[in-house]
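Here are a few notes to go with your first look at this one. Keep the viewer open while you read.

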Amino acid sequence: MSDTTAPKLRSSAWFDNPANIDMTALYLERYLNFGLSLDELRSGRPIIGIAQSGSDLSPCNRHHLVLAERVREGVREMGGIVLEFPVHPIQETGKRPTAGLDRNLAYLGLVEVLYGYPLDAVVLTIGCDKTTPAMLMAAATVNIPAIALSVGPMLNGWHKGERTGSGTIVWKARQMLAAGEIDDAEFIRLVASSAPSTGYCNTMGTATTMNSLAEALGMSLPGSAAIPAPYRDRQEVAYHTGRRIVEMVNEDLKPSDILTREAFHNAIRVNSAIGGSTNAPIHLCAIARHIGVDLPITDWQEQGLDVPLLVNLQPAGEYLGEDYYRAGGVPAVVNQLMGQGLIHEGAMTVNGKTMGDNCRGVAIEDEKVIRPFDQPLKEAAGFVVLSGNLFDSAVMKTSVISPEFRERYLSKPGDLDAFEGPVVVFDGPEDYHHRIDDPATGITAETLLIMRGAGPVGYPGAAEVVNMRPPAHLIMDGVHALPCIGDGRQSGTSGSPSILNASPEAAAGGTLALLRTGDRVRIDLKTGSADVLLSDAEIADRRAALAAEGGFKYPASQTPWQEIQRATVGQLGTGAILEGAEAYQRIAQT
Ligand code: FES
Ligand code: MG
C-alpha cells in the first residue's frame with residue numbers, strides 16, 4: 001500500500017486502485033511475469049519509463065542501450081522502478097525518403113505510450129536530429145515529469161592531421177570529387193573518417209544543436225549536452241539523470257514548469273551563440289506549440305539575430321564535439337550570455353535550480369573553441385526572418401555566409417544588404433540532381449537557385465535539399481556557393497547561405513509554385529524582404545493558370561503514413577506539427 005505521506009502517483013491508478021480491484025489485478029499480473037514483485041509495484045515507488053531510442057537501426061543513439069543500465073542504477077538507488085520501452089527509430093541519414101517524415105510519427109507513438117501506460121515520469125534518450133524534438137514534443141503534450149539524457153557526440157574525426165566533421169566533410173568532399181581532386185574510393189574514405197565512434201554528429205549540426213538547446217531549455221542536467229558519447233562522464237551523467245528523475249516525481253516538477261516562453265527565448269539566444277541549425281526554429285516552435293507557449297517565427301530575429309557567434313565548431317568554424325565539451329559546453333556559453341543580460345536567469349531547470357544558478361560563473365576553458373562575448377567569431381549571428389511576395393516566412397542563417405559570398409553579394413557599394421538575380425528553378429531533389437551539371441540548365445555566377453516541392457507536403461517530411469552546390473564548371477572557376485531559396489529544409493551540417501523553410505511551400509499554395517526560370521528575385525536582408533520582381537497581375541494570372549491545371553504537382557505517397565501526415569501537417573514556419581494534435585495539451589492532468 002502507498003505511503004500516505006508521498007504524493008499520489010499516477011501509476012497507482014493501474015497498480016493500486018481499491019475502487020477497481022478487478023482491473024488492478026489484471027494490470028499487475030502481467031507486469032509480474034518477468035520478475036517484478038507485488039511489493040515493488042504496490043509500495044508507492046514511482047514507475048520511471050526509459051523511452052529508448054537506441055537500436056541497431058539508429059546508430060547515432062545506439063549507445064543509449066548501454067547508458068540505460070546506468071540510468072536504471074540511479075533510479076533504483078532512489079527507490080524507483082524502471083520500465084524501459086522502445087521509441088520508433090529515427091536515423092537522420094538512413095531513412096527514406098527523409099527522417100523528417102518520422103518526427104511526428106515518433107511523437108504520436110510516444111504520446112500514446114506515455115499516456116496509456118502506468119508511468120509516473122520518463123527519461124527521454126535524445127540524440128540524432130529528430131529524436132530530440134520528437135521526444136520533447138511528446139513530453140510537452142503529456143506533461144508528466146521528464147528529463148532528457150543526451151547520448152553525446154562522437155569523438156572527433158581526423159584525416160591526414162585535420163579534423164573531419166560528420167555531415168560537414170561530405171560537402172567539401174563532394175566539391176573535391178566534382179573538381180576531380182579525389183576518386184570515388186577516397187571520397188568514401190574521407191567521409192567515413194568523420195565517424196570514429198558511437199554517438200551523434202560531432203559538428204554543430206542539428207543533433208548538437210538540439211541537444212544543446214534541450215539543455216538551454218532546462219530539460220537536461222547542466223553541463224550534460226556536450227559530453228562525448230564514449231567518455232566516462234557520459235555514463236556518470238546517465239546515473240545522475242536516473243537519480244534525478246525520481247526526485248522530480250516527488251517534487252512534481254513537470255515540463256510545463258520548465259518550458260516557458262522565457263526558456264524558449266534563452267534557447268533562441270543560445271542557438272545564435274552556438275551557430276545552431278536552421279532546423280531549430282522548426283523544432284522549438286513544435287515543442288512550444290505542444291506545451292502551449294506562443295513562439296512566432298519572428299521571435300528568432302527579434303531575440304536571436306543580434307547575438308554573436310561564440311562557439312567555433314564546424315560548419316561555421318573549425319572545431320568538433322570533444323573540443324566543445326573540453327571548452328565548457330552549454331554552461332560556459334550561457335554564462336557569457338548572462339554577463340550581457342541575455343539570459344532569463346530565473347528559468348527553472350530539471351535539477352530544481354534556475355538556469356542562472358546552474359551556469360553563473362562557469363568559465364570558458366579554451367577560448368579558441370568558445371570565445372568570450374567581446375571577442376566573437378561573428379557579430380549578429382542569428383537568423384534573419386524573411387517575408388514578401390514569395391512566401392510568408394523563411395529563415396537565413398547568417399553565420400555561415402562565407403567571405404567569398406559576402407564579397408560577391410553583400411559588399412556592392414551602395415547596396416550592402418541586398419542582392420538580386422535571375423532564378424533557375426528545380427522541382428524537387430531528383431530534378432536538381434539530374435540537371436545541376438547540365439550546361440543547358442544555364443546556371444551562371446549570377447543565378448539564384450530555387451528548390452521547390454521539398455516542403456512537408458510536397459516531399460513528405462520536408463527534405464534537407466535547399467542547400468545546393470553550384471555546377472562543377474562554376475566550382476572549377478572558383479564559385480563555391482550560389483544563393484539558394486527553397487521550401488525544404490537544410491542540413492545543419494552544411495555551410496551554404498540558403499534561404500529555407502519557406503512557408504507556405506509550393507505544394508500548399510505558395511508563390512514558389514509560380515516561379516519560372518529566368519524570373520528575377522530580390523532579397524533585402526536589411527528590410528527582411530524576399531520578392532519575385534513580377535507585377536501582382538502577373539502573379540494572379542499565373543496562379544489562376546496553375547489552378548486550372550490542377551495545382552502544383554508532387555509525387556504520390558509511398559506509404560500510408562506519408563498520406564496521413566500530408567493530410568494533417570502544417571508548414572515549417574509554424575513547426576510542421578500535426579495540426580490537430582495541438583488541441584491535446586497536458587493530457588496526463590486531464
Ligand atoms: Fe544522426 Fe547526424 S546523422 S546525428
Ligand atoms: Mg539533418
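The points below go through the sheet and then a helix that packs on it.

1. Before anything else, bear in mind that this is a predicted model.

2. Start with the sheet: it is open, has four strands in the order S2-S1-S3-S4, and the pairing is parallel. At the edges sit S2 (81-86) and S4 (146-150), each pairing on one side only. On average, neighbouring strands of this sheet are turned by 20 degrees against each other, ignoring direction.

3. For a look at one pairing, try S1 (residues 47-52) with S3 (residues 121-126): they run in the parallel sense and are joined over four bridges. If you want a spot to click on, Ala 51 has Leu 124 in S3 as its bridge partner.

4. Now add helix H6, which packs on the sheet and touches S1, S3 and S4. The direction of H6 makes about 165 degrees with that of S3.

5. Does the length of H6 (residues 131-142) agree with what one should expect, and what is the span? At 1.5 Å a residue, its twelve residues should span 16 Å, and the end C-alpha atoms are 17 Å apart, which agrees.

6. How much of H6 is buried? Twelve of its twelve residues are, so the helix is largely enclosed by the rest of the structure. Among them are Thr 131, Pro 133, Met 135, Leu 136 and Val 142.

7. Finally, check what comes after the helix: H6 is followed by Asn 143, and the phi of Asn 143 is positive, near 65 degrees.

Note on methods. Residues numbered from 1 in each chain as written. Chains lettered and ligands numbered in written order. Predicted model: local features only at pLDDT ≥ 70, side-chain atom pairs only at ≥ 80, totals over all residues. Helix = DSSP H or I, 4+ residues; strand = E, 2+ residues; numbered from the N terminus. Expected span 1.5 Å × (residues − 1). Buried ≥ 20, exposed ≤ 12 C-beta atoms within 10 Å, placed from the backbone. Pairing = 2+ DSSP bridges. Axes fitted to C-alpha atoms, helices over the stretch in contact; angles between N-to-C directions. Contact = placed C-beta atoms within 7 Å.
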